[in-house]
Amino acid sequence: MKLNLPVILLKIVVLPHNELKFEIDGAFSQSIIDNAMLFHDNKILLISQIDPLEEAPSISDLPRIGVIAKITHKMELPNGKIRLVLQTKARARVFEYLNQSRAGLFEAIVSELAPTPLSENDNALLCKKLMRDVEDYINKVPYISNSFINEISKMKSLGDMTDVIVQNLPVDLKRLFAYLSEIDPAMRMQMILEDIYKEIEMVNIEHELDNKVQNELEDAQREYILKQKIKYMKEELGEVSLKEEEVKELNDKKDKLTLPKNIKEKLEKEIKRYESLPATSPEISMTSSYINWLLDLPWKKQTKDNKDLKKARKILDESHFGLEEVKERIIEYLAVREVTNSLNSPVICLIGPPGVGKTSLASSIAKAMNRKFIKVSVGGVHDEAEIRGHRRTYLGSCPGKIIAGMKKAGCINPVFLIDEIDKLSSDIKGDPASALLEVLDPEQNKHFNDNYIEEDYDLSHVVFIATANKEEDIPEPLRDRLEIIRLSGYTEYEKLDIAKKYLLPRIFESHAAKPGSINFNEDTIYSIIKSYTREAGVRELYRQLAKVVRKIVTSIVKEKIKVSKLNITNDNLSKYLGSPKYTFSENSYDGVGVVNGLAYTSYGGDIIKIEVSHFKGTGKLILTGSLGDVMKESASIATTYIKANASTFGINIEDINNSDIHIHVPEGAVPKDGPSAGIALTTALISEFTNLKVDNTTAFTGEITLRGVVLKIGGLKEKCMGAHRSNIKKIFIPSSNLNDLEKIPEEIKKDIEFITVDNYLEVFNNIKKKTTKKKK
């Protein structure tokens, strides 16, 4: 007989012949209960959702079998909720779910399912068998309640008994649905026996494992015992834990890699240790991290070098202008390596002012050699562990920058750039420069030992390139291991070529400007170089050129104008860049006691004016202009030398002794130091006391001794560039710097006369011929 019953959806599975208690709230739920009590003799249909996580299942997803229940008690609580007690009666087949019914209630057309009939004798035998097995099950399984034994012992129906037993078994939702769907009591009994036999077997295995583990471990190791239990249970069930899967993956990865023997043994040892650690151990993550570092590091993998020397040279020339020495060194390395196939990689240090292309050149070298490129900056690093790594005993420990870079490269022969090596510092945490000695020594780096890895790592295949701005700031032991290549600043003409061939094409591409649409003539670029930049490299030049293009593109977009070609000239340059920012020292003033010296700064060379004045006094020497200690000593040496040789220079010694001498170097806010102003200071003093005017197109550079010997100086190329910018026509230099003239560009040597001297008397005799006395 078909019935029309209201429906309540449950997220649990209930079976007939069981009591169900729950509370409901909400007008809609209460209307369902009222409907059941008024029109359906307190009967209601309980439907269990197949997916308990589904909040609003559709009718098509609902099962076609449910349980008819009768409301036995209803109590209205003070909080407005209703407490119900339901007694489940029988299974019911659902023919149709009704979405629309009285008062919008959810109902279904059902009929009660009759159980498969059993003979009285069969029913009695099966009930007895089931009762005996269930009692045995409860006795052997300690976590199963025996509260339902009394209830089922009074039952005579196998169907009723099975439904009550199932509701007390520890089975999952899917299994409960299977019990609900099965209308044959005998089949349900068979299913129950399968479940309880399996559970008894699990308990027996657990007891065996308890005894097995108990014999091996002490009682205090509870955590370890539990772990062993789980492990043995997984083995018996044929299951594998996540950790076991991870260990298997680590072993597979280790077996696939080509590793040195000592690393393979170390990995095997660490993997076994990792496998034995409890899941809650604080060491488990540290050990896992260490194993992964060993596996991820390249131990033997290499990339193939580019053997086409012409192609390598072409790549270097396309990316950088000039820099012949370093380019030739790389080509030589590739050539010799191709012949010997066993040459140690060079350790090159590029020293030069900012912006000359040191860092970008290293990247181009990697490209030319067809190698991976890795860059680390050590500027400001003051902890030795940044290079060598932290020991594994520390929380959060990791390898140093060198090993981390090798992991990133993924091969043992990258080009490795160590940037700003002259800016290392040290403190109580160690000296990073000393740690780099092992890295950059070709005789030692084959056995580099990182504190974290704890095993030797071969760095001999790596091409190390270091960069620095000042050679004197590199510690001497470290400098001794470097093959130093000096990159001087560019001349204006070199910068002009770089701007035309490299910078402007790159700027046009990055600003989406068509080549030829914006035209910079050479005079304009030259004006930008001289008046808007003051650097040895080309970074600021790039920024100024980009600024012009950026302003042009902005005006085109903003005003929506079309320009086929725009010429940038000296006449309209200030429109884009404003007034000129820099003017190099000019020879706008001269006179007795005023001489041109040469200086080497971080942005290139320049001239400095040295002024001397004397007045009646006690022979005191006054020095101003932010002079450093070395330059002050040069002034004292020059004064002493002139006093010792006063008659040679036609000076009355009493004039010096009875006068205070004031030496000043203009631009007092700019610090100045170094010994190379020795002959310039001497010449300025002689000019002051002999009343001789020195030609303002002449400059002097060279260190002087108390005997008048002129010693070698550094930075001659940069100083000559600065002199050339300031229209100097003659420069006195030490004879020992004669070989340095080969490095000076031809356009500078063509415009400047160089006079080499060994002793200051040669300087004096030369200027005496060309100068005239001037009355003060």
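Is Asp51 buried, partly exposed or exposed, and what is its relative accessible area? In this predicted model, Asp51 is partly exposed, its relative accessible area being 38%. The residue is located in the loop that runs between β3 (43-48) and β4 (65-76), and together with Glu54, Glu55 and Asp61 it makes up a negative surface patch.

The strand that follows this loop, β4, belongs to a set of antiparallel pairings in which β5 takes part. Strands β4 and β5 are joined in the antiparallel sense by 11 bridges, with Lys70 standing opposite Gln87 of β5. The two strands form a hairpin in which 5 residues lie between them, and Gly80, in the turn, adopts a positive phi of about 95 degrees. Strand β2 (residues 19-24) also runs antiparallel to β5, to which it is joined by 6 bridges, and here Phe22 has Leu84 of β5 as its bridge partner. A further antiparallel pairing, over 6 bridges, connects β5 with strand β6 (residues 107-112), where Arg93 is found opposite Ser111 of β6.

A parallel pairing is found further along the chain, where β8 and strand β9 (residues 415-419) are linked over 5 bridges, and Phe416 of β9 serves as the bridge partner of Ile374. The side chains along β8 (residues 373-377) alternate, such that Ile374 and Val376 point to one face and are buried, whereas Phe373, Lys375 and Ser377 point to the other face and are not buried.

Charged side chains also pair with one another, and the structure contains 32 salt bridges. One of these is formed by the side chains of Arg91 and Asp163, with an N to O distance of 2.8 Å. This pair links distant parts of the chain, since Arg91 lies in strand β5 (residues 82-98) and Asp163 in helix α4 (residues 158-166), with 72 residues separating them. Both partners, Arg91 and Asp163, are buried.

A second salt bridge, between the side chains of Lys248 and Asp252, has an N to O distance of 3.3 Å. Both of these residues belong to helix α8 (residues 242-256), in which they are 4 residues apart, or about one turn of the helix. With a relative accessible area of 55%, Lys248 is exposed, because the class of exposed residues begins over 50%. Asp252, by contrast, has a relative accessibility of 32% and is therefore counted as partly exposed.

A third salt bridge joins Lys407 to Asp296, whose closest N and O atoms are 3.9 Å apart; the cut-off for such a contact is 4 Å, so this distance still falls within it. Because Lys407 is placed in helix α15 (residues 401-409) and Asp296 in helix α10 (residues 283-296), the pair ties together parts of the chain that are 111 residues apart in sequence. Lys407 counts as partly exposed, at 33% relative accessibility, and Asp296 is likewise partly exposed, with a relative accessible area of 30%. Beyond these individual pairs, salt bridges with shared partners bring Lys266, Glu270, Arg273, Glu283, Arg392 and Glu454 together in one network.

Terms used. Residues numbered from 1 in each chain as written. Predicted model: local features only at pLDDT ≥ 70, side-chain atom pairs only at ≥ 80, totals over all residues. Heavy atoms only, no water. Buried < 20%, exposed > 50% of the residue type's maximum accessible area, 1.4 Å probe, protein only. Patch = residues over 30% accessible without salt bridge, like charges linked within 9 Å, V, L, I, M, F, W, Y side chains within 5 Å. Areas by Shrake-Rupley, 256 points an atom, 1.4 Å probe, with all protein chains shown as cover. Lys, Arg positive; Asp, Glu negative; His and termini not counted. Charge placed at Lys NZ, Arg CZ, Asp CG, Glu CD. Pairing = 2+ DSSP bridges.
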